[in-house]
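Student: I am new to this structure and would be grateful for a close look at a single part of it, the annotated active site. Please also explain how that part is connected to its surroundings.

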Amino acid sequence: MAKFGVVVFPGSNGDQDLLLAIQDVIGEEAEYVSHRAADLSEYDVMLLPGGFSYGDYLRCGAIAKSSPVMEAVKQFASEGKPVFGTCNGFQILTETGLLPGVLLNNTSLKFICGMQPLKVQNNQTMFTNEYEQDEIITLPIAHGEGNYYCDEETLKELKENNQIIFTYDQTNPNGSVEDIAGITNKEGNVIGLMPHPERAMEDLLGSSDGKKLFQSIVNHLRKVTA
């Protein structure tokens with residue numbers, strides 16, 4: 001059984017969603033990890049939740065990046081282990097430099113919340129092997145600073161390395177460059193996604209399309225440990 005760690009920062013509000021998604025729907029082991037944690041060696045996967053870490057003071061993720069646990073997450077990622085960040089978790093990953101680019105204010109300058117169609121741009125990753133290439137899925141979004149931006153050189157690298165994993169479909173809700181909704185690092189083991197797959201685990205919630213992302217991670221772990 002894979003063991004998932006869900007990091008909890010002061011101000012996080014999506015940690016329980018992630019924990020229950022893994023425990024109740026995927027059926028794997030999961031537990032909370034303190035923002036003070038320094039050793040993550042007992043875990044197979046690290047999850048950074050949505051919410052407003054440290055109240056989003058200064059800038060989204062700007063304080064969380066200095067939490068002791070993020071040094072441990074960097075070490076965890078350097079070992080090739082899966083790291084997933086959703087919404088505020090995505091923002092934290094860019095602030096720490098684990099992912100390129102930055103998340104800016106939505107072009108509307110308003111907080112947005114609703115169901116959003118996405119397109120799977122790369123299904124050959126440890127996070128997307130359960131999806132079909134170019135599959136259209138629906139996940140909820142809830143953010144005020146989800147406008148992904150990077151310079152032209154970085155964008156070129158993202159495209160060349162197939163690091164753009166999900167894009168917004170039909171409409172771009174926040175102004176993100178190239179409709180980007182989720183990217184990985186060059187090594188492919190760290191992913192940031194602005195929408196919330198953990199809130200789309202069962203049809204009762206309006207979509208179960210998020211389940212495939214976490215099941216993809218489990219598939220990958222079983223393959224590498226077989």
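**The annotated active site and its surroundings**

Tutor: In the unreviewed UniProt entry, the annotation "active site" covers C87, H196 and E198. These residues are spread over 112 residues of sequence, yet they cluster in space, with a largest C-alpha distance of 11.0 Å. The model is a predicted one, and the annotation itself comes from the UniProt record.

Let us begin with C87. This residue lies in the loop between strand β4 (83–86) and helix α3 (88–96). Its relative accessibility is 6%, and therefore C87 counts as buried, since buried means under 20% relative accessible area. Leaving out residues up to four places away in sequence, C87 touches G50, A142, H143, L193, M194 and H196. One of these contacts, H196, is also covered by the annotation.

E198 is found in another setting, the loop between β11 (190–193) and α5 (211–225). With a relative accessibility of 4%, E198 also counts as buried. The side chain of E198 makes a polar contact with the side chain of H196, at 2.7 Å. H196 thus appears twice in this picture: C87 touches H196, and E198 makes a polar contact with H196. Neighbours within four places in sequence aside, E198 is in contact with D17, L18, A21, T86 and F214.

The contact with F214 leads into the surroundings of the site. The model has three aromatic pairs. In one of them, F84 and F214 are arranged edge-to-face, 5.6 Å from centre to centre and with 80° between the planes. This pair links distant parts of the chain, given that F84 is in strand β4 and F214 in helix α5, 130 residues apart. F84 is buried, with a relative accessible area of 0%, and F214 is likewise buried at 0%. A further pair is formed by F90 and Y148, whose ring centres are 6.1 Å apart and whose planes meet at 15°, so the pair is stacked. Here F90 in helix α3 is linked to Y148 in strand β8 (residues 147–149), 58 residues apart. Both F90 and Y148 are buried.

F214 also belongs to the largest nonpolar core, which has 64 residues. Together with L40 and F166, F214 is among the residues with the most contacts inside this core. Helix α2 (residues 68–78) gives the most to the core, namely six residues. L40, for its part, touches V33, M46, V69, A72, V73 and F76, not counting residues up to four places away in sequence.

Charged side chains supply further links. Side chains of opposite charge can pair when their charged atoms come close. The count of salt bridges in the model is eleven. In one of them, the side chains of R222 and E28 meet at 3.2 Å, N to O. R222 is in helix α5 and E28 in the loop between α1 (15–26) and β2, so this pair links parts of the chain that are 194 residues apart. At 6% relative accessibility, E28 counts as buried.

To return to the site itself, C87 and E198 are both buried, and each has a link to H196: C87 by touching H196, E198 through a side-chain polar contact.

Technical notes
Residues numbered from 1 in each chain as written. Predicted model: local features only at pLDDT ≥ 70, side-chain atom pairs only at ≥ 80, totals over all residues. Heavy atoms only, no water. UniProt positions renumbered as here; feature names shortened; annotations may be inferred. Helix = DSSP H or I, 4+ residues; strand = E, 2+ residues; numbered from the N terminus. Buried < 20%, exposed > 50% of the residue type's maximum accessible area, 1.4 Å probe, protein only. Contact = heavy atoms within 4.5 Å. Polar contact = N/O pair within 3.5 Å; in protein donor to acceptor, adjacent residues only side chain to side chain. Phe/Tyr/Trp six-rings, centres within 6.5 Å; stacked < 30°, edge-to-face > 60°. Core = buried A, V, L, I, M, F, W, Y, C linked by side-chain atoms within 4.5 Å. Salt bridge = Lys/Arg side-chain N within 4 Å of Asp/Glu carboxyl O.
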